[in-house]
Structures are given as C-alpha cells and as structure tokens.
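The following exercises concern a single structure and are meant to be worked with the coordinates at hand. Each task sentence is followed by a solution in steps.

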Amino acid sequence: MNRFSKKSTRPILLIFLCLLLLPMTLTARQEVDKEYTQKILEYTTEKFFLTELVDYLPASPPIPNPKEILGEVIGAPDILHYTDEINRYMKAVAGKSSRVMAFSSGLSDEGKEMITVAVSDEKNIERLKRIKEIMTLLADPRKIEESEADKLIAEGIPIYWITGGLHSSECGSPEMLMELVYRLAVDEKDFFQTIRKNMIVLITPILEVDGRDRYVDTYRYKKEHKDKKTLPLVYWGNYVAHDNNRDNIGLALKLTENMMKTYFEWHPVIMHDLHESVPYLYTSTGTGPYNAWLDPITINEWQELAYAEISEMTKRDVPGVWTHGFFDGWSPSYAFYVAMFHNSTGRFYETFGGTGADTMVRNVGRQSQRAWFRPNPPLSAVKWSFRNNINLQQSALLFALKHTADNHDKFLRNFYLKSKRSVAKATTEGPAGWVILSEKRPLAAADLVNLLRKHGVEVHRAKEEFTIEKEKYPPASYIIRMDQPYSRCADMLLDIQYYNPTDPRPYDDTGWTLGALHNVEIRRIVEQKILDVPMTLLEENVKIQGRMLQPEKAVAFLINHTAENTLMNLRFALKDVKMLAAERSFKVDDKRFNAGTFIIPVEENPSDMASRLKQIVEELGLTAHGVKSMPKVKTHPLAVPRIAILHTWIFTQNEGWFRLAFEKLGIPYSYISVHDIRDTKDLKSLYDVIIFPPVMFGKAQRLVNGISGNSPIPWKKSEKYPHLGGPDSSDDIRGGMGLEGVVHLKKFIEDGGLFVPITNTASIPIDYGLAESVAVIKPTKLKTAGSVLEARFSDLNSPVAYGYDHTLAVHFNGAPVLETGMKAATGGIDLEAMMDSEAKERASGRGSLEDPDVIQGRPHKPPKIKGAGTGIPPEFRDMLNLYMPPDLTTIRVILRFARKEKLLVSGMLAGEEDLQNRAAVVDVPLGKGHILFFAINPMWRFQTQGSFFLLFNAALNYDNLGVGKPKVQSTE
Ligand SMILES: [Zn+2]
C-alpha cells in the first residue's frame, strides 16, 4: 500500500513540481511592454517594414524605456526630441542599468554637451578600462610581441561605435539610438546576450547637437504653423551645415575634435555613421573607385558587413535594402574617416528619411528600378512612416552588431593585422617616409605638421643635416616615418590622387593633397634609408619662436612676406602701427625680401612700437629684421581693413567655412546678410572689403531676389523656439539683396571698397553689369570635381600676389570657368581676331597646307604696306571704344590656370584645354574700388591654407590694388 501509495504519489509530486517550476519558466521568458509594442505595430505602415528584433519592446523594470522618460514611444508620428531630452534619457538608463555607462564627449561649437553611451554585459562594463588598454595595445603593434597579441585578442572584445544625428535634417537616428540602447541593455534573448557578451556597443546619439535642436524647432514650427511657408533650416550647427561631414581632413569643427577624442580613447574597430536620404536602406560600400590608401582588409570588411545586413533583412522580406551605388568610396573627408584613417573600418547607412516624423505616401521614382546591386528594389510608392525608418535602421544595425559579435575574434585580429601592416608599410608597399620642408614657410609647415599630429600621426625632426634621394635636407626637417600605425593616414593626406575621368561619377572631392593645398613643399621618399636618419619624435605641437634681429638703432623693421597666414594676425595685432608694403622685391645686405614685405618705420610710429612689435613677432613666430636705413623700394601703406563676410538666407554652408577660417586664425570680421546690403546706402562708411562666398543654387537673380513667400519668415530665437536664430537672426528672411542692394554694392565699390565674389557669386557683378569684361562660360569638354590644380601668377606685381612664388596649387570645383577680355565684353565675338588679316587657317586654293595660295590673274606677291597687319584698324578703334566697356582696358588677370600639361596636381581632370590659361583670380577696377573675382575657392573646407593669403593680400591692400599694373596686360 505504502509502496503503491508511494508510487502513486510520484506523478502527483511531478505535477506539483511542474506547477512550481511553471511560473519560473514564465518569468524566464521576458515580459513584453504591451502598450509600447502595440504602438510600434500601429505606427509601422507595412508588415514588411518590421523584423522580429523590433516588433516588440521587452519590459524590464526598473530600467526605463524611452516612453517612460519622454512620454511617447520612439518613432511616434510628429514627435522629435531635443538634445537635452535625448541626453537625459541616455543618462537615466545609464543610472539604472549596470550594463550601460554614459560619458561626456565634449562640448559643441555652441557649448552643448555631446554624450556617448557604452552598452555591454555587466562583466565587460566592469572591465572597460582593461578593454580600452587592450585596444590601445592592438592599435600599436610596435609595443607588443606576436604571442602577446594572441593573448590580447583572446582577452579583448571589439568595440562597435554607432553615431547618429550628424546631419540635422536626417532626424531618425538620435531617436532610434535611444530605443537601441534600451533593447541592448535589457533584452534577454540569446541574440542580444551574444552581442553583450562579445562586444562593446558605443553609441553617440547626436554628433551635431546644435543643429539637432535647431532642426527640432523648425519641425515644431512647421507643425504649429501649417498655414505658413516652411521654415528652412538656415543654419545647422554654428558653421557649415551639411558639410559637417566634410571636416575629417581639416579637423576644424568641435564635433570632429570630440569624435577624434572618442576614437583615440576607445579604438573602436568599426565606426558606423547613420544618415538618411535614399529608400529604404542603403548600406555603404560604394561604386568605386575606392580610396587607394586603405588596407584592402578594410574594403573587404565594408563588403562583408553590408552583405551580412542585406542578406538578413532580405530573408525577412524587407524590400529595398541594398549596397554598391550612391557614393564612390574615394574621398577621406567624411566623419567616418576618423575610423578609416586609423586602421578601423568606417561605414554608413542612408535610410529613407527627410520628412521629419511625418507619415505620408512617398514615391521613389527611378530608385524602384531593379539593378544588379539592387535585386530587391524599393517599391515605387508606399505609405512611409517615421517608425518604418526606426525599424529598418535598428534591425539592420542589430544584424551588423550580431555579425561582429559572432566574429569578434576575426574583427579584433583584422584590426591588429591592419595596424601591423601599417607599421610594415615603410618596407613593403612604401613609401618609407615623407619629408616636410620648412625653410621657406616655417609657419605653414608647422601648421601642417600640427594638423598631422592632430590626426594621430607621429612626426619626427631630423637631428642633423641629411641627404636622401640626391637631395640635401637641413637639420630639424620634419620626417614622417611610414613604419608607424597611422602611416596610411599621413600617406593618404600627403600623396597625390589620380581619379580616372572614365570612372563612376565622383561623389565629392577627387583631390586633397595637403602639401600642395597648404603651399608647403613635401617629398615622398621611397629609399628606406630615411628610417635610419637620426631623428627625434615630436612630443607636442610645433610652436615657432619668433625673433627680432638687430633692433639697435633700427630705422625700420622688415618682415619678409612669404604668404604665411600669421602675417594677417600681425597687421591686426598692431592696428595703430603704420606699416608699409614693399611694391617690389629688394635686397638688404645679402638677404632678399619679397614684394609685399612689411616695412614698419620707427619714426612715424608710437615710441613703444619696437617693444610691442618684438613681443608680437616672438609670439606669432615671425622674424623682424631691423635695418639702419630705409630700403630703397616703392611702398604704400598697409590697411587695417574692415572686412565683412556676406551671407544669404538661402544657403549658409560655404560661407561657414570662411567664418571658421577667419575665427580659427583670429582675424576680425563683420558678419552681414544680403539684407544689410539691401538696407545700407553707404556701405563704404562701414566696410572696406566685402567677401561673398559661394552660394549653392545661387544664380544671380536668385541671389538678388532671395527667398519668396507671402508672409514673414522669422529666423530668430523666441520663448517657444529657443533654438532658432543664430549665428545671424532676422524677423523675416524673405528677399535677397534686391536691386537696391546691387546699386548699394556698386556705390560701395565706386567709393573705394573691395568686393570679392567667390566662384558662383561672380554672377551678380557680371549679370547686373558691374563688370563687363568678365564672363562665365560653359565649357563643353571640361570634367573635373574638387581637384587640386596648378595656377600661375600672370601678374606677380599685383598686391594680391605678394609673398607667393610663380605657381600655386588651388582648389577648383569645376565652375565657374571665366572668360576675360574682348570675348567676354562682346558676348563671345573676338573682334581682334576677326580683324586680323593674317588668317590663322588658309582658304581653299592651290598647293599644300604649307604652300602659299596664288590668286589668279594678278601678280602673286602683293606690295608690302607699313602699318598693315593685325588688329582693329585705328580708324575703327575710336568708334568701337564707344561700344566697349571701360573695364576692357583696366581688367587685370592676376592668377591663371596653368597650361594643360601642368594643370592637374591631384584629382580628376579631362577636357583640360577648356580651362588652361583661363583666369583663376581677376581684378576689375570700378570707380575708386575693385571687384576681385575668384574662380577658385581660396577657403575650401579648412584645407586650402596655402591660398588664404590671396584674400588677405587683397584685403590688406584693398585701397592700393592698382599698384604695379603692367601697361599692357598679357592676353595669353
Ligand atoms: Zn547625411
């Protein structure tokens, strides 16, 4: 009985045990936040815009999900969050979860905090310091043995860095990243556990925090003023709008600096930047040509990760996930090059965005067509929601994270291997090193060296003179060894680029050779013996100590003009001091001083001038030479110009680079809008120089008429929209400079002002008749894009050319191509050539091409008449002059593009005959003032330091630009 009963109790016990265990298994299966989940499903327009990774939200008290902190689920219609809300959420999760940590990444240009969050499992979070140490060691294989590397790879885990919100109008990623942090921190599914266990996910939700807030305000404004015209995002961050993704060469923005700091702290093996544009999810590889300085392993990782995502998403019936197209893969100016430059892999997405948090029917046109790289294309039309965007970004990212986690060992090993191969570069593919020559322009050379150091590149200085590849270099020459971890970065920045014009259309710049653009001589050294030159590593930035020579009894001090940007600081540092510019080069004792040399006379200046000058030249790194007698050279006073940088309300990106350069260099300027031109009758009473940087979409009529609309469009801070406004503000941004502005501008120039239109803003003085002997022409064959080209000074006596050599490398973006002289003045007719009796081509007639033709029925040698021949006959010239613009005889081409054989320095160029010898910088006098046209951009993306001084010379000599004008201008 007992036995039986014992037996019989067994099943009951089992059932009892099962009942006991049941709640435990139920708790092991994580609860779902039903309300949040239901909203995700509601806000997603089609099932195929969901995956099993994001079609629910796990509940995990006490870790707050975004709705609990911010009040709505992520991707809810019409809802966007400000930077401080997003930061608050991230910090709240970090405060509650032992799997999340939040850090400050620094402040933005406008002083807002950028944050970065690390997510992993508890054990990894506890050993973050050690993981960072491991990455630092793997990043520099010179410091470890191979066997140690194996151990470190086994001990370490890869860091995958995701960044969002760089482009403010692409607004989904900062939202999505909040939800992603939450999921990564709390979801207990194996998928998520694998990610947490095998990697650190680093997340910077907003790279452009200033622009994010401005965008959210414009979006809210639009929603709250449906009857009104859309409010454009006039400024994003403080400077360069969309071009904040083109700063990774010049490193000028705070956000770039903060990214560099974050990179070097963590050494993430992958950096992934989130963008929005094309449907539905483009994952970057690119059409090629790919950047030629990257390790092929990096390119392979691009492909590997892209196809891992495409395959997982396509398996789940998500349409329109593709790669290959969109961008080329060539230029290193993008934000993700913070990784690429340093042996990590940088990549990006473009998901379908661009409409804020709206839901609407979207047509995608030709992008719905199938192509080999897009076998499952987007649908031609679909109802699209903000949540769809969140789902796609997040799902694909999770697959990329999982792929990296599953292959954690490989990605770490690849990183180490790439670092090792970078160190080996000096002796494998080469070159062995680069030398930067500093004798001619020491400050510019130092500036380039300091930029390379900012990129993490090691720079050495030679201890003594050395000779290599038949050239002798002085002691203290800068050497960049290619047996260092970041050799590829230096090589990429200093080398020459060749972009074949028959390759796919370039996405951006094709050339960026920094030595050329900084006007600093550099040498590529193949001979490995460079590595044996005795040298010392620079431990800190180069600072040149200036000096004052022979100050005793000096009647004047001379500072040679070498077109170094610091000279501009000198002028503004001693505003009250009279300075003269030498109009020709001259010699004192045996030293040659260039045209433009600053001459500072003692007599006409305050008594403390010499001591102040000494202090300032020492600080700026300049050399002042005291002389006992005034040099015998013609001079004119150097102005302290009141400079204005002019902006439109249409587009502020390109002028932002000018402001940035002026501010970085500490040069004062006024920031004015086209409305100031419209409303100020006497501009010359306020400014001496007005610079008008390029404006996209800026044909002359648009620049003059500006933004249209029936009611005022304000761009200003208010209680309701605290982030609008700035850097410039207005109650109403409608309208351009207006015809009255053109008149004011004309008067400004005639009164003695200098107007400097850069590239396409040339259309205003040309189309409105302020200059007639300059025209913009449309070349038929020219093919170039963001290339570095050689220009030569055709008029070295112009003050604009002071301090320069005969040639200068310049940045040219393909337009405008300028015509100058007679053809420009007559709209394409070359009267001189028409009147030229010496015909260039022979008429049909007897004999070969070289033989003379013979007219029949008369002696075949006509009599020789003195004075006959070429050109317009004098009797016509007088009358013709009535119909010709006065500037035909006063125009002065200062800088020309080189002849075609010499034109290309770096980048892409075809049809060069369309550009050769054409004007790059032209001076057109008008009244007492001048218009100085730039076909090139002298202040491009903080990369063209070598051509800054063209602008500075023009400004310092604005009231003496006519100096040195040759009697007959070469028309070659
Ligand atoms: Zn973007």
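**Exercise 1. Determine whether Lys-747 is buried, partly exposed or exposed, and identify the salt bridge that joins Lys-747 to Asp-751.**

Solution. The model is a predicted one.
Step 1. The relative accessible area of Lys-747 is 36%, so this residue is partly exposed, the class between under 20% and over 50%.
Step 2. Asp-751, at 29% relative accessibility, also counts as partly exposed.
Step 3. Between Lys-747 and Asp-751 there is a salt bridge whose closest N and O atoms are 2.8 Å apart.
Step 4. Elsewhere, salt bridges with shared partners join Asp-243, Arg-246, Asp-508, Asp-509 and Arg-941 into one network.

**Exercise 2. State how many salt bridges the structure holds, and explain what the pair Asp-295 and Arg-488 ties together.**

Solution.
Step 1. There are 67 salt bridges in the structure.
Step 2. In one of them, Asp-295 is joined to Arg-488, with 3.9 Å between the closest N and O atoms; the cut-off is 4 Å, so the pair qualifies.
Step 3. Asp-295 belongs to the loop between β6 (281-283) and α12 (296-315), while Arg-488 belongs to helix α17 (residues 487-494); the pair therefore ties together parts that are 193 residues apart in sequence.
Step 4. Both Asp-295 and Arg-488 are buried.

**Exercise 3. Locate His-460, classify its exposure and list the residues that it touches beyond four places in sequence.**

Solution.
Step 1. His-460 is part of strand β12 (residues 460-462).
Step 2. With a relative accessible area of 10%, His-460 is buried.
Step 3. Leaving out residues up to four places away in sequence, the contacts of His-460 are Ser-477, Tyr-478, Ile-479, Arg-481, Met-535, Thr-536, Leu-537 and Leu-538.
Step 4. One of these contacts, Arg-481, forms a salt bridge with Asp-483 at 2.9 Å, N to O.
Step 5. Arg-481 and Asp-483 are both buried.

**Exercise 4. Give the strand order of the open sheet formed by 8 strands, and identify its edge strands.**

Solution.
Step 1. The order is β1-β2-β4-β3-β5-β8-β6-β7, with mixed pairing.
Step 2. β1 (100-107) and β7 (321-322) are the edge strands, since each pairs on one side only.
Step 3. Within the sheet, β6 pairs with strand β8 (residues 345-351) in the antiparallel sense over 3 bridges; Leu-281 stands opposite Thr-351 in β8.
Step 4. Helix α8 (residues 172-186) lies across β1, β2 (113-119), β3 (159-163), β4 (200-204) and β5 (270-276), and runs at about 150° to β4.

**Exercise 5. Identify the protein donors of the zinc ion and classify the geometry of the site.**

Solution.
Step 1. The donors are His-167 (ND1), two OE atoms of Glu-170, and His-275 (ND1), at 2.1 to 2.5 Å from the zinc ion.
Step 2. The angles among the 4 donor atoms span 56 to 150°. A tetrahedral site would require all angles to lie between 85 and 135 degrees. The site is classed as irregular.
Step 3. The spacing of the donor residues in sequence is H-x2-E-x104-H.
Step 4. His-167, in the loop between β3 and α8, and His-275, in strand β5, are 108 residues apart, and the pair links distant parts of the chain.
Step 5. His-167 is buried at a relative accessible area of 2%, and His-275 is buried at 3%.

Conventions:
Residues numbered from 1 in each chain as written. Predicted model: local features only at pLDDT ≥ 70, side-chain atom pairs only at ≥ 80, totals over all residues. Heavy atoms only, no water. Salt bridge = Lys/Arg side-chain N within 4 Å of Asp/Glu carboxyl O. Helix = DSSP H or I, 4+ residues; strand = E, 2+ residues; numbered from the N terminus. Buried < 20%, exposed > 50% of the residue type's maximum accessible area, 1.4 Å probe, protein only. Contact = heavy atoms within 4.5 Å. Pairing = 2+ DSSP bridges. Axes fitted to C-alpha atoms, helices over the stretch in contact; angles between N-to-C directions. Donors = N, O, S within 2.8 Å, 3.2 Å for Na, K, Ca; no water. Tetrahedral: all angles 85-135°; square planar, octahedral: opposite > 155°, others 65-115°.
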